[in-house]
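Let's take a walk through this protein together, one stop at a time. Keep the picture beside you as you read.

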Amino acid sequence: MADADCAAVVGGADTSCCVYPPANDTCANAEALTIDGALVTGDNTNAADENNADEANNWGADGTEGDVWFSFVGNGGLVDIETFDFGGGNNDTQIAVYAACGSDPSLASDDDNASTGGAFMSEITGFCAEAATTYLVEVEGWNGTVGAFNIAVRTSAVLLVDICDDVLASNYTDPLTVSACVSVDNLLCVFGVAGCADASALNYDATADSCDGMIGGVDTSCCEYPPANDDCSGAVPVICGDVVSGSSLNSTIGNEVLALECGTAIEGAGVWYSFASSGSEEVTFSTCGSALDTKINVYSGSCGAYVCAGGNDDDCGVQSNVTVITSAAPTDYFIHVSGWNGNVGDFDLAVTCDVAGCVPPVNDVCDSSFPIPDGIAFIDDNVCAQANDLNPACSGFGFVDGVWYTWNSGANNALAIEFGPAAAPSVGDSAAVNPSLAMFSGNCANPTELNCFNGAVTENVTGLTINTTYYFLVFTDDDVDQGQFDLILTGGLAGCITVGACNYDASASIDDGSCDLSCLGCTNPLALNYDSAALADDGSCVVPSCDPIVSTEASICYEVSTDETYNFTENTLGEGVSIAFNAGTVEAGWDQIYVYDDLGTQLNVQFDGDLTGLIFTSAGSMSINIISDASVSCGSGSQTEISLTVYCGALEVVGCFDPLATNYDPSANAGDQAALCQYLGCTDVLACNYNDLAITDDGTCCLTNCITVEISDSFGDGGTSVTIFDDLGNTVASLTGTLFGNTETFCIADVCADVVVSVDNFPGEAGVTITDASNGVLLDFGAGTITAGSTTTVTVGAAVGCIVSGCTDATALNYNAAANADCLDVFGGADVTCCIYPVANNDCDGAIALVAGVETAWDSNNTDDSGNNCSPTLTNDVWYSYTPACDLEVTITSSSNQGGEVAIWEGDCAALTLVECGPNEGFIGTTITAVLTGGTTYSIQVGSNSDFSPVSTGTVILEEGLCRGCTYEDSPDYSAAAGIDDGSCTFEDCSCPGDFTGDGFVNVSDLGGFLGAFGEACE
């Protein structure tokens, strides 16, 4: 055992053999340096390695080399810190600067970059030393190098950063955003105007100097320029088969476009393309599937001298599709693509070509209108007319295929119009289907629409100017509806033509609606409706005679937006009144008629539609109340005039008045019902058309081939019909959908049956299912899969060899298990594309990752319901995923054109757990907020409550909050990334224990342990 004496002298005090660390071995004992002071010698011999966490800044890997510490106080300027090799042993140093002992990271570091200290010595140059701030400098040797070295801190030769701190200058710089070591030199300040100074830019600012505000500068980064094809002269050429991407962003409206209306009115800025036709081509220009709600206008001629060739808005959803039959001679065409309602954005323009199948008529355009003589019956057709006309008020949303005519008013100020499908079309031709007629004043370049009529009409137009030419456009909405029509235009003088009216005009031939009928009425004082103020009888008198009973005819023609009551009073008190409806209709679904007796009791169930054959009897007077909406009525020419017979007294009608009987008579009110009523039908319980009410079998029982047709309608406005034909073209089944659908079973022989399904303007609402009791589902057109006229063939019963067309891909939404010909048009024999596939993120497993803060567009068309719904009205959805980097709160907003939900789910897609639900809020955005766990992947579901047109689209955006965690630096749980404290911090107990014996008490028995531990550091 050694004594303390290095010389081994017992009791000696020689310490010459002891090894001690340097005095500045630890950061806490750092040796002070003075800026621009003398060199200071340091030595890291016997120094320990303090191992700062960020020591490896510019050094490479941190080893076990010993380090020593120095400090200096900043002067508010830039300094250099350098070590020097003077032969003291340490000729390879590494240095780092820290804000405080144990701080992380270092403020600066270096290895081997000394300018004068030696090849492997270190220097930190241009360090910003803020005034009155103490900095710590760590010095160690590379790869174990130890020994003495010199170190100095001196004013740097690096210049301070010169800035302008005048807030009024265009190059103002906030000193705090640079560093404390800056030099303010306001001679550098520039007081120019920031903005686009390029006169060719859309946002040119004549007062601006440059985008960066520098006087005389050339920065144009803020300037906005129109696209290259903004004007017709810069039109981009396209050819057959092209699909070009374009954008109308920053496009401008040229004056040459504003006056043109071609198929659809141009409502905003657009861009131009050109197409050189070789002649007699059928060319289609389409933006279908683009993001922008587009309009397309196609012209021939030349830039600035346009001739309308076609135009469209909303042919495929909200995008456009225009087909033009080009001239026989080579011709240049100009295509203008713009946005609805002035919108701008990106789109794709596709060009497809085929050989022209017909030649457009000469009067296909307004400038080539045919004159029509006054009062002469005229027959013509619009076959092969192109969609190059404006869209009149009564047209649909698709193409308008029309031909033009003129008529001169001469000395007339009114016009009688007789128009409709051709009553006797020419041999080999067919009548136009529901043709329309629009009337214009003005000229072809600037027409003003006066009237627009659909279907067969007899109309009077008044208020015309004499000796004036008017223009007429006869059109159909679809090519398949084109055909011949009848048109008679007869001029005349307008006025009141009702004889006996207060202002009757004998010279007038056309009624102008001005008749004052207050002078007309029933002038017979014996009539029920006698009018003492009438000056002329209008033939409306109701004079019942009761001995014997005779009838009196009456008529009612109700108007739109009316609520009228018609009273029928008995002739003699107590004898009563009976009313029989001979004819007449009210608008089904929207208008109603009620019949009341003298006590106010309603005699009928509220009904609409055809009134023919209804009879009602009252013991006293009777009244009829008619209520109509603002759409159509008898007065508007869309309903049949109500004709009725009024009887004095009770009217007995013998017949079966049981609605369940096959010979039910709605007018009957008397007779032996047991003897009169017949209950015919199928009495075989095994038949699919078994009638449990039938008493007598009528031979209609169907034991096989029971075909059930079901029509569904999600919106409830009807308009869907199904017709089934046998192989000879005979109709064997026909069903029209009611407000919310319809179902009926038909008995059809074994046959390859052709099926035609037609829908209204909203095909996305309707669905059709056809089921064979023997063969199962024959046809399943789900909602949204039916086009305007879907056709196919189904196999009924035991028929063989049928070509059943449909989508045979089981992954498609409209997969048809019964189909054996993939998407074949069995009527035309052409292959078509009919399969409809779900979008990639239709299911949770295909979720697309959301990026926080980035708004993402979604489209739930061609999707189906995943079943994971927190809102009962959700009908289709798409999925996204999101993985937070830390625990945080997120806000998700989904906006849709149909309303919808947004929900957050957790867990595997096969077993999701709902975290937060934002249910359907209607036609607005839905927002939810939730706190999510970092590192966990969540499924985000957005969707719509509607599967009918217009299509269901929307956007979703996720906003992140601050990370949650422990924000107290003294806690071992501290998280530098946390912005919100979540209460998770814990703190170590730094007190020295007093219970040394471990008995749970601090008492005298612990004193020995305390004395033994006296002087030791607490752990």
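**A walk through the model**

Let's begin at Asp 112, which counts as partly exposed at 31% relative accessibility; here buried means under 20% relative accessible area, exposed over 50%, and partly exposed in between, with a 1.4 Å probe and protein chains only. Asp 112 sits in the loop between β6 (108-111) and β7 (123-129), and it has a positive phi of about 75° although it is not a glycine. Helices and strands here are DSSP runs, numbered from the N terminus: H or I over at least four residues for a helix, E over at least two for a strand.

Before going on, a word about what you are looking at: this is a predicted model, in which local features need pLDDT of at least 70 and side-chain atom pairs count only at pLDDT 80 or more, while totals for chains, interfaces and linings use all residues. Residues are numbered from 1 along each chain as its sequence is written, and side-chain values use heavy atoms, with hydrogens and water left out.

Now step back for the overall view. The protein has three helices and 66 strands. Of its 1019 residues, 41% are buried. A contact means heavy atoms within 4.5 Å, and among contacts between residues at least 6 apart in sequence, 64% join residues at least 24 apart.

Another loop is worth a visit. Cys 384 lies between β24 (378-381) and β25 (401-408), and its phi is near 70°, a positive value in a residue other than glycine. Is Cys 384 buried or exposed? With 5% relative accessibility, Cys 384 counts as buried.

Strand β24 also leads us to a sheet. Four strands form an open sheet in the order β24-β31-β26-β29, with antiparallel pairing; two strands pair if DSSP finds at least two bridges between them. At the edges are β24 and β29 (457-462), each pairing on one side only. On average, neighbouring strands of this sheet are turned by 25° against each other, direction ignored. For such angles, axes are lines fitted to C-alpha atoms (for helices, over the stretch in contact), and the angles run from 0 to 180 degrees between N-to-C directions. Within the sheet, β26 (residues 414-421) and β31 (residues 484-492) pair in the antiparallel sense over eight bridges. You can pick out Ile 417 there, standing opposite Leu 489 in β31.

Further along the chain comes another open sheet, with three strands in the order β37-β43-β40 and antiparallel pairing. Its edge strands are β37 (563-568) and β40 (592-596), each of which pairs on one side only. Here the average turn between neighbouring strands is 15°, direction ignored. Six bridges join β37 to β43 (residues 622-627), and the two run antiparallel. Asn 567, for instance, has Ser 623 in β43 as its bridge partner.

Next, look at some single residues in strands. Gly 442 is in strand β27 (residues 436-442) and counts as partly exposed, at 46% relative accessibility. Its C-alpha atom is 9.2 Å from that of Thr 468, 26 residues apart along the chain. Leu 450, in strand β28 (residues 447-454), is partly exposed too, with a relative accessible area of 36%. Which residues does Leu 450 touch, not counting those up to four places away in sequence? They are Met 439, Phe 440, Ser 441 and Tyr 470. The C-alpha atoms of Leu 450 and Phe 472, 22 residues apart along the chain, are separated by 10.0 Å.

Much later in the sequence, Gly 961 lies in strand β65 (residues 953-965) and counts as partly exposed at 33% relative accessibility. Leaving aside neighbours within four places in sequence, Gly 961 is in contact with Leu 888 and Glu 889. Gly 961 and Glu 889 are 72 residues apart along the chain, and their C-alpha atoms are separated by 5.0 Å.

Our last stop is empty space. Rolling a probe the size of a water molecule over the atoms shows where such space is left. On a 1 Å grid over the protein atoms alone, a cavity is a set of points where a 1.4 Å probe fits but cannot get out, and lining residues have an atom within 4 Å of a point. Grid points are joined across faces, edges and corners, and a volume is the space filled by probe spheres set on the points. A search of the whole structure finds two cavities of 30 Å³ or more. The second largest holds about 30 Å³ of space, and its lining includes Leu 33, Thr 34 and Ile 151. Strand β9 (residues 148-155) gives the largest share of that lining, three residues.

Key
1 Å grid on protein atoms, 1.4 Å probe; cavity = no way out; pocket = protein on both sides within 12 Å on 5 of 7 lines; lining within 4 Å.
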